[in-house]
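Work through the exercises below with the structure open. Try each task before reading its solution.

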Amino acid sequence: MIKKFEIKSHDGPGRIGKIDGELTPKLFSRSDLKIAPSEGSAYNIDREIAEFNVRETLRLAKENVDECDVAVIQGSKYLDLRIECLKELEEIGYNGFIIANGDSLLTNSRDLVEIIVELKKQAKKSSYFIFPFTEVSFMPILTYMGIDGFLTDSANYYSHLNVLQTPTKAYDLNEYPLYEDISQRDLEKKNLENMEFVIREIHAHMKNRSLRNLVEERSGTTPQNISTLKILDRNYMDYLLEYTQLF
């Protein structure tokens with residue numbers, strides 16, 4: 001059931017690749033993926049609970065490996081558990097991974113950078129990573145760090161919160177009534193359209209080797225974006241320089 005992932009080129013750690021003939025980075029619909037069941041948990045929990053959830057996730061992933069092509073990397077806030085989960089899932093036979101607790105990671109810039117970079121450094125080159133519940137303004141820097149795709153669930157998730165996602169900002173429509181009486185379905189549609197636009201934007205910049213320019217442009221949109229880029233540059237410059245452009 002494994003989807004073959006082929007890397008075509010890099011722009012920094014960001015990768016243009018192909019999965020089943022489709023270019024990455026890309027948007028993934030949950031309905032198009034066969035995701036192994038996992039034992040989810042909150043981000044900030046006791047280690048003993050996180051360890052149990054990782055064990056259960058691995059058990060469920062192993063039981064369903066013949067029917068599924070993507071697994072979930074659990075481990076909450078514990079980096080070593082995340083890496084252990086990744087490595088064992090790869091041993092079981094998976095090469096597509098969803099990073100759990102994406103919404104919580106976006107509010108913890110240091111953990112976000114550390115977890116993604118360390119997972120990327122430990123993973124096989126044939127493995128690809130999908131980020132759930134992303135804010136649209138974060139998609140360029142997540143791609144720059146090495147994320148290969150995003151779940152379209154984000155559009156629905158934020159529409160439930162009455163939040164409009166744009167390339168540069170997330171608008172709480174209760175505070176910023178940009179549209180009057182917009183339905184949740186229409187709001188979800190707008191959020192998805194903006195995700196699709198940013199994916200096209202990312203591809204255009206990667207083609208022109210200017211993804212870093214887009215990342216810097218978007219870094220000023222939120223305090224979390226600013227912090228994420230600063231931490232990435234300060235702590236992981238070797239990682240950024242290692243993955244130079246491949247021709």
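**Exercise 1. Decide whether Lys3 is buried or exposed, then place it and list its contacts.**

Step 1. Lys3 has 15% relative accessibility, so it counts as buried (buried: under 20% relative accessible area; exposed: over 50%; partly exposed: in between; 1.4 Å probe, protein chains only).

Step 2. Lys3 belongs to the segment before strand S1 (5-11). Strands are DSSP runs of E with at least two residues, helices are runs of H or I with at least four, and both are numbered from the N terminus.

Step 3. Leaving out residues up to four places away in sequence, Lys3 touches Ile19, Asp20, Asp32, Leu33, Asp69, Asn95 and Tyr128 (contact: heavy atoms within 4.5 Å).

The basis is a predicted model, where local features need pLDDT of at least 70, side-chain atom pairs need pLDDT 80 or more, and totals for chains, interfaces and linings use all residues. Residues are numbered from 1 along each chain as its sequence is written, and side-chain values use heavy atoms, without hydrogens and water.

**Exercise 2. Count the aromatic pairs and describe the one formed by Phe5 and Tyr128.**

Step 1. Apply the rule: rings of Phe, Tyr and Trp (its six-membered ring) pair if their centres lie within 6.5 Å; planes under 30 degrees apart are stacked, over 60 edge-to-face, and the rest tilted. The count comes to six aromatic pairs.

Step 2. The pair of Phe5 and Tyr128 is tilted, with 5.7 Å centre to centre and 50° between the planes.

Step 3. Phe5 lies in strand S1 and Tyr128 in strand S7 (residues 128-131), so this pair ties together parts 123 residues apart in sequence.

Step 4. Check burial. Phe5 counts as buried at 8% relative accessibility, and Tyr128 counts as buried at 0%.

Step 5. Extend the group: Phe5, Phe28 and Tyr128 form one aromatic cluster.

**Exercise 3. Give the strand order of the open sheet and find which strands stand at its edges.**

Step 1. Three strands make up the open sheet, in the order S1-S2-S3, with antiparallel pairing (two strands pair if DSSP finds at least two bridges between them).

Step 2. S1 and strand S3 (22-24) stand at the edges with a single partner strand each, so one side of each has no neighbour in the sheet.

Step 3. S1 and strand S2 (residues 14-19) pair over six bridges in the antiparallel sense. The bridge partner of His10 in S2 is Arg15.
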